[in-house]
Amino acid sequence: MRFVQLNMISWIFYFDLFIQAFIGSLLIVYHIDNHYAINTLGAGSIRLWGWITVMYTLIALPLGMSLATIILKVRPAVLFRKYGFAPIRPSFSIKDSYLKYPLIILSGVSMLSVLYVFFSSGSWPLLAMLQGKSPEYLAQVRISMSRGFEGVVYIKNLISLLLTPLLCYVAYAYWKMTNSKIDFVWFLSLFFASVMALTYNLAKGPILFFLLGFYVENILIYGRVSLRKMIFFACLLVCLLVLLYVLIMGSDNLIRLFYYNQGIVGRLILGQITGLYKMLEYFPQTVDFIGFSSISNLLADVLNFDYSERAARI
């Protein structure tokens with residue numbers, strides 16, 4: 001895997017599984033994590049079963065993918081390079097009006113949904129952060145925005161948070177293909193709307209992954225990126241993450257942010273894997289398996305089964 005030709009498969013394996021799961025599982029199974037959430041685990045066997053679960057995933061996932069390539073007789077690396085270095089072409093015509101104009105209209109709907117979220121919430125946490133409000137005040141605003149949203153949840157989750165960033169990536173690809181001012185304005189408008197949508201509750205992860213998506217998209221557009229651009233982009237994301245921690249969390253000790261069991265590093269290698277151990281501890285010993293009962297309240301009413309809160313809330 002080359003970072004200048006990063007793809008989603010390598011990203012999932014090396015970031016989601018290796019950094020966010022494998023390293024933490026080793027620290028936890030050897031009892032050297034010293035993490036506040038892991039320290040609350042009851043049975044000591046949970047630490048071992050969590051490590052076994054991670055090891056199985058790290059082995060089974062690439063093995064299954066390799067077997068699939070053999071059975072289907074495909075070479076993913078060759079297909080990816082061929083796709084990446086191929087020029088961008090419109091789908092239907094030179095101006096691609098049949099596809100672009102409906103997308104622009106849909107973009108307008110997405111931007112209106114972002115405004116709807118803020119009007120329904122009655123506050124703008126990002127503005128409060130820029131005004132220098134205290135971390136305690138920002139924490140209250142985050143909780144109220146995340147759990148006290150009084151509008152239509154589907155508009156917020158599906159259109160504002162999901163569709164708006166997706167359309168922004170599409171507009172960026174069109175701008176890179178045409179270099180027109182109209183496409184640039186389209187992209188810039190969606191970029192601003194996406195930033196507003198993804199920071200509506202001052203969560204740090206969504207905006208960082210949104211920006212990282214442009215790095216991956218540039219690889220898909222040009223086939224690769226230069227090493228200099230990769231280093232610049234990585235430094236930019238780290239600096240932005242530190243800035244968000246300082247502004248939102250009120251962190252005044254920058255060195256502590258990089259401790260292995262707290263701050264940024266602790267959140268990456270231990271905080272993200274904590275949920276797995278909590279699930280192994282609670283289900284089904286304390287709480288019965290919820291199955292599909294947490295998908296939708298509406299679906300529960302239609303199919304006549306009891307709705308359950310999602311596992312993370314339980």
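Helices (H or I, at least four residues) and strands (E, at least two) are DSSP runs, numbered from the N terminus. With that in hand, let us walk through the chain.

## Model and confidence

This is a predicted model, in which local features need pLDDT of at least 70 and side-chain atom pairs count only at pLDDT 80 or more, while totals for chains, interfaces and linings use all residues. Residues are numbered from 1 along each chain as its sequence is written, and side-chain values use heavy atoms, with hydrogens and water left out.

The confidence score, pLDDT, is the predictor's confidence in each residue, from 0 to 100. Its mean over the chain is 82, and 87% of the residues reach 70 or more. Helix H8 (residues 181-198) has the highest confidence in the chain, with a mean of 93, whereas helix H13 (residues 297-303) has the lowest, at 66. Where pLDDT is low, the predicted coordinates should not be read in detail.

## Overall make-up

The chain contains 13 helices and zero strands. Of its 314 residues, 37% are buried; buried means under 20% relative accessible area, exposed over 50%, and partly exposed in between (1.4 Å probe, protein chains only).

## Helix H7 and its neighbour H8

Helix H7 covers residues 153-178, and at 1.5 Å a residue its 26 residues should span 38 Å; the end C-alpha atoms are 36 Å apart, which agrees. The expected span used here is 1.5 Å times one less than the number of residues in the helix.

Where does H7 bend by about 40°? The bend is at leucine 163, and proline 165 follows within four residues. The bend at a residue is the angle between axes fitted to the seven residues ending there and the seven starting there. Both Leu163 and Pro165 are buried, and other buried residues of H7 include Lys156, Ser160, Tyr169, Tyr172 and Tyr174.

Thr164 is also among the buried residues of H7. Threonine 164 has a partner in space in phenylalanine 192: they are 28 residues apart in sequence and 10.0 Å apart, C-alpha to C-alpha. Phenylalanine 192 is located in helix H8 and, at 52% relative accessibility, counts as exposed.

## Two asparagines with positive phi

Most residues other than glycine have a negative phi, and most peptide bonds are trans. Asparagine 179, which follows H7, has a positive phi although it is not a glycine. Asparagine 34 likewise has a positive phi without being a glycine. Their details are set out here.

| Residue | Phi | Loop | Relative accessible area |
|---|---|---|---|
| Asparagine 34 | about 50° | between helix H1 (8-29) and helix H2 (45-72) | 51%, exposed |
| Asparagine 179 | about 55° | between H7 and H8 | 60%, exposed |

## The H9 and H10 pair

Helix H9 (residues 204-222) and helix H10 (residues 227-249) have axes that come within 11 Å and cross at roughly 165°. Axes are lines fitted to C-alpha atoms, for helices over the stretch in contact, and angles run from 0 to 180 degrees between N-to-C directions. The two helices are therefore roughly antiparallel to each other; angles under 35 degrees count as roughly parallel, over 145 as roughly antiparallel, 65 to 115 as roughly perpendicular and the rest as oblique.

H9 passes H10 in a right-handed crossing. A crossing is right-handed if the near helix is turned clockwise from the far one by less than a right angle, and left-handed if anticlockwise.

H9 has 19 residues and reaches 28 Å from its first C-alpha to its last, close to the 27 Å expected at 1.5 Å a residue. How many residues of H9 are buried? The helix is mostly covered, with 14 of its 19 residues buried. Glycine 223 follows H9 and has a positive phi, near 90°.

Valine 242 sits in H10 and counts as buried, at 16% relative accessibility. Between valine 242 and isoleucine 264 there are 8.0 Å in space, C-alpha to C-alpha, and the two are 22 residues apart in sequence.

## A contact across the sequence

Methionine 279 belongs to helix H12 (residues 274-282) and is partly exposed, with a relative accessible area of 27%. Methionine 279 and isoleucine 46 are 233 residues apart in sequence, yet 9.7 Å apart in space, C-alpha to C-alpha.
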